[in-house]
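Biologist: I would like a close look at one part of this model, with the parts around it described afterwards. Please keep to plain words, since I am new to reading structures.

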Amino acid sequence: MESLLLIGGSNIDIKAKANKKIIFQDSNIGDISYSFGGVSRNIAEDLSYLEDTFTFLTSVGNDINGKKIQANLKSLNISTKYIESKEQTGTYLSIDNDNGEMQVAICQNKIMDKMKKEALYPFASLLENHDLIFLDANLSESCIDYILKSANKKIIVEGVSTSKIIRFKNHLNKIYLLKCNLLEAQYLMNKKEATAIELCKGMLSCGLKNACITNGFHDIVAMQDGNIFSIPVLKENDVISTTGCGDAFCAGILYSLRRDCDLKRACLFAKEISSITLKSLSPCTPLIKEALRNYEVK
């Protein structure tokens with residue numbers, strides 16, 4: 001099995017969910033919860049629930065939130081290395097409607113945005129000693145450029161948001177697999193009205209051979225070795241929150257690909273994990289382990 005290194009953000013998440021239809025520019029009654037977050041940190045937690053083995057490289061501030069994240073990762077028995085920083089620990093604030101769908105979010109992530117490639121130099125051997133490297137677009141352009149130019153490895157990336165996915169724009173031919181949603185893909189390719197299939201074709205012309213584009217409860221469009229296919233997605237009932245579902249999907253992809261599954265089978269397993277996460281108030285839930293019984297990955 002290929003060894004896996006995750007590199008990316010760790011945040012404190014603050015989530016507000018309205019009880020009724022949101023009235024903008026007004027005070028809405030709802031629930032507010034706090035949890036540990038960050039794309040790569042969430043994926044690390046999900047993989048720990050699947051009892052997978054990997055190393056996680058991240059950065060937190062020397063503050064109370066940073067200490068809480070470190071204690072949490074230790075409690076999950078996740079092998080974690082920390083990049084030093086004087087910045088405040090990242091914070092992610094999301095507002096969900098009464099159906100659990102995220103309406104708007106704000107991410108304060110200077111700890112990753114300001115990081116220079118030199119901060120990664122002490123971890124050169126860590127990069128060298130892993131076969132598969134996962135990056136989220138919360139990493140600064142400087143760090144992304146350094147890793148993609150220097151690490152001759154299989155690199156899987158997550159788009160994160162429309163403003164951050166463009167950090168991968170000039171490196172598509174160096175990426176093994178891109179996972180993103182439709183809106184992120186449209187911003188990446190600067191084709192705001194393009195379909196997922198059209199976007200995959202455009203990515204292929206830029207040198208990217210493998211991709212997975214999600215679109216809420218619409219079909220997943222994926223590309224493996226340039227071959228494009230769709231995977232049906234059914235509307236879910238009893239949705240509590242969509243926060244963390246994309247991260248759970250990524251965890252399923254990584255878990256499956258490391259076990260030599262093709263991308264279609266990997267997407268099916270990832271979809272199952274994401275579906276379980278939809279029904280959880282937390283962005284990560286140990287219940288995803290149930291997917292291993294329902295859909296065996298060999």
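Take the lining of the largest pocket: how many of its residues are nonpolar, how many are polar and how many are charged?

Modeller: Please keep in mind that this is a predicted model. The lining of the largest pocket is made up of 19 nonpolar, 18 polar and 11 charged residues. That is a lining of 48 residues, and those nearest the centre of the pocket are Met 102, Asn 181, Thr 242, Cys 245 and Gly 246. The volume of this pocket is about 1,600 Å³.

Helix H9 contributes 6 residues to the lining of the largest pocket, the most of any element. H9 is therefore a good place to go next; it covers residues 263-278. With its 16 residues, the helix spans 22 Å from first C-alpha to last, close to the 22 Å expected at 1.5 Å a residue. Many positions in H9 are buried, including Leu 263, Ala 266, Cys 267, Phe 269, Ala 270 and Ile 273. Towards the end of the helix, Ser 274, Ser 275, Ile 276, Thr 277 and Leu 278 are buried as well.

Phe 269 also belongs to an aromatic pair. In general, two numbers describe such a pair: how far apart the ring centres are and the angle between the planes. The whole structure holds 2 aromatic pairs. In one of them, Tyr 255 and Phe 269 have ring centres 5.6 Å apart and planes at 35°, so this pair is tilted. The reasoning is short: planes under 30 degrees apart would count as stacked and planes over 60 as edge-to-face, so an angle between these limits counts as tilted. Because Tyr 255 is in helix H8 (residues 245-257) and Phe 269 is in helix H9, the pair ties together parts that are 14 residues apart in sequence. Both Tyr 255 and Phe 269 are buried.

Tyr 255 has a charged neighbour too. The charged end of Arg 259 sits over the ring of Tyr 255, at 3.6 Å from the ring centre. A similar arrangement involves Lys 192, whose charged end sits over the ring of Tyr 187, 4.2 Å from its centre. Between helix H6 (182-189) and helix H7 (196-205) there is a loop, and Asn 190 is found in it. Asn 190 has a positive phi of about 55°, although it is not a glycine. This residue is exposed, with 59% relative accessibility.

Ala 196, by contrast, is in helix H7. It is buried, because its relative accessibility of 13% is below the limit of 20%. Ala 196 and Val 221 are 25 residues apart in sequence, yet their C-alpha atoms are 6.3 Å apart in space.

Now for the second largest pocket, which contains about 150 Å³ of space. It is lined by 13 residues, of which Lys 154, Tyr 176, Gln 224, Leu 257 and Cys 261 are closest to its centre. Its lining splits into 7 nonpolar, 2 polar and 4 charged residues.

Two strands show further cases of residues set apart along the chain. Strand E8 (residues 132-136) contains Phe 134. Phe 134 has a relative accessible area of 0%, so it is buried. The C-alpha atoms of Phe 134 and Ile 155 are 5.8 Å apart, while the two residues are 21 residues apart along the chain. Strand E11 (residues 211-215) contains Cys 212, which is buried with a relative accessible area of 1%. From C-alpha to C-alpha, Cys 212 is 6.5 Å from Cys 180, and the two are 32 residues apart in sequence.

One more loop residue can be set beside Asn 190. Gln 25 lies in the loop between strand E2 (11-18) and strand E3 (30-37). Its phi is near 60°, a positive value in a residue other than glycine. Gln 25 is exposed, with a relative accessible area of 88%.

Note on methods: Residues are numbered from 1 along each chain as its sequence is written. This is a predicted model: local features need pLDDT of at least 70, side-chain atom pairs count only at pLDDT 80 or more; totals for chains, interfaces and linings use all residues. Side-chain values use heavy atoms; hydrogens and water are left out. Rings of Phe, Tyr and Trp (its six-membered ring) pair if their centres lie within 6.5 Å; planes under 30 degrees apart count as stacked, over 60 as edge-to-face and the rest as tilted. Helices (H or I, at least four residues) and strands (E, at least two) are DSSP runs, numbered from the N terminus. Buried means under 20% relative accessible area, exposed over 50%, partly exposed in between (1.4 Å probe, protein chains only). A charge sits over a ring if NZ of Lys or CZ of Arg is within 6 Å of the ring centre and within 35 degrees of the ring normal. On a 1 Å grid over the protein atoms alone, a cavity is a set of points where a 1.4 Å probe fits but cannot get out, and a pocket is an open set with protein on both sides within 12 Å along at least five of seven lines; lining residues have an atom within 4 Å of a point. Grid points are joined across faces, edges and corners, and a volume is the space filled by probe spheres set on the points. Ala, Val, Leu, Ile, Met, Phe, Trp, Tyr, Cys and Pro count as nonpolar, Asp, Glu, Lys and Arg as charged, and the others, Gly among them, as polar. The expected span of a helix is 1.5 Å times one less than its number of residues.
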